[in-house]
Amino acid sequence: REKACTTLAGFLRIASDHEMEDLSARFAKQARLPLEAISQQRNSDEREKRLRRPAFLRRHGGVLGLAALVLTHPFDVRSWLPTVLVELAPHIADPMPIQGTVRKTFAE
C-alpha cells in the first residue's frame, strides 16, 4: 500500500491544481470513515483481523491518498496543501499503520 502511495505521488505531479483539489476532497472523505471500536488487543491474530477489515483498509487508503498529494510537491505550498495537512493531522492518533503513514508524511 505504501509503495502504491509513492507511485501515485509520481503520477499526480502532472495533475492540475483543480484536479488536486477534487482528489483531496475524495481522499479526505474516505479518510473520515469511522473505525470500529479499537481496543489494544494483546492477541496478534485479533490485531491482524482488525487490519484487514474493510473500514480500516478504506480509511488507510484515504490517508495514503492524502499523503500522496503532499508528496507530489514537497517543497511548494500549493493552494490545496494546507487543507490536506489539516485533514491528515488528526490521523496521528489512529492505529498503526495509519499513524505511521501520517508521521512519515509530516517528516518528509
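**Figure 1. Overview of the chain.** Read along the sequence, the pattern is α-α-α-α-α-α. The model shown is predicted. Its secondary structure amounts to six helices and zero strands. The chain has 108 residues, and buried residues make up 36% of them. Among contacts between residues at least 6 apart in sequence, 69% join residues at least 24 apart.

**Figure 2. Helix 4 along its length.** Helix 4 covers residues 54-72. It holds 19 residues and reaches 27 Å from its first C-alpha to its last. That span is close to the 27 Å expected at 1.5 Å a residue. Of the 19 residues, 15 are buried, so helix 4 is largely enclosed by the rest of the structure. Arg 59, Leu 71 and Thr 72, shown in later views, belong to this helix.

**Figure 3. Helix 4 packed against helix 5.** Helix 5 spans residues 81-88. The two helices pack at an angle of about 145°, and their axes are 10 Å apart. The crossing of helix 4 past helix 5 is left-handed. On the helix 4 side, the contact is made by Val 63, Leu 66, Ala 67, Leu 69 and Val 70. Helix 5 contributes Leu 81, Val 84, Leu 85, Glu 87 and Leu 88. By class, the residues of this contact are nine nonpolar, no polar and one charged.

**Figure 4. The largest nonpolar core.** This core has 23 residues. Those with the most contacts inside it are Leu 66, Leu 69, Val 84 and Leu 88. Helix 1 (2-12), helix 2 (17-31), helix 4, helix 5 and helix 6 (98-107) each supply at least two core residues. Helix 4 gives the most, with nine residues. In soluble globular proteins, nonpolar side chains tend to be buried together.

**Figure 5. Close-up of Val 84.** Val 84 is among the core residues with the most contacts inside the core. Not counting residues up to four places away in sequence, Val 84 touches Ser 24, Leu 66, Leu 69 and Val 70. Leu 66 and Leu 69 are also listed among the residues with the most contacts inside the core. Leu 66, Leu 69 and Val 70 take part in the helix 4 side of the contact with helix 5.

**Figure 6. Leu 71 and Thr 72 in helix 4.** Leu 71 sits in helix 4. Leu 71 and Ala 9 are 62 residues apart in sequence, yet their C-alpha atoms are 5.9 Å apart in space. Neighbours within four places in sequence aside, Leu 71 is in contact with Cys 5, Ala 9, Arg 13 and Glu 108. Thr 72 also lies in helix 4. Thr 72 has a relative accessible area of 3%, under the 20% limit, so it counts as buried. With the neighbours within four places in sequence again left aside, its contacts are Ala 9, Leu 12, Arg 13, Met 20 and Trp 80. Ala 9 and Arg 13 thus appear in the contact lists of both Leu 71 and Thr 72.

**Figure 7. Arg 59, a buried charged residue.** Arg 59 lies in helix 4. Its side chain class is charged, but Arg 59 is buried, with a relative accessible area of 13%. Beyond residues up to four places away in sequence, Arg 59 touches Gln 30, Ala 31, Arg 32, Leu 33, Pro 34 and Leu 35. It also touches His 91, Asp 94 and Ile 98.

**Figure 8. The cis peptide bond between Met 96 and Pro 97.** Met 96 is placed in the loop between helix 5 and helix 6. Pro 97 is found in that loop as well. A cis peptide bond joins Met 96 and Pro 97, with omega about 5°. Met 96 is partly exposed, at a relative accessible area of 40%. Met 96 and His 60 are 36 residues apart in sequence and 9.5 Å apart in space, C-alpha to C-alpha.

Terms used: Residues are numbered from 1 along each chain as its sequence is written. This is a predicted model: local features need pLDDT of at least 70, side-chain atom pairs count only at pLDDT 80 or more; totals for chains, interfaces and linings use all residues. Side-chain values use heavy atoms; hydrogens and water are left out. Helices (H or I, at least four residues) and strands (E, at least two) are DSSP runs, numbered from the N terminus. Buried means under 20% relative accessible area, exposed over 50%, partly exposed in between (1.4 Å probe, protein chains only). Contact means heavy atoms within 4.5 Å. Axes are lines fitted to C-alpha atoms, for helices over the stretch in contact, and angles run from 0 to 180 degrees between N-to-C directions. A crossing is left-handed if the near helix is turned anticlockwise from the far one by less than a right angle, and right-handed if clockwise. The expected span of a helix is 1.5 Å times one less than its number of residues. A nonpolar core is a set of buried Ala, Val, Leu, Ile, Met, Phe, Trp, Tyr and Cys residues joined through side-chain atoms within 4.5 Å.
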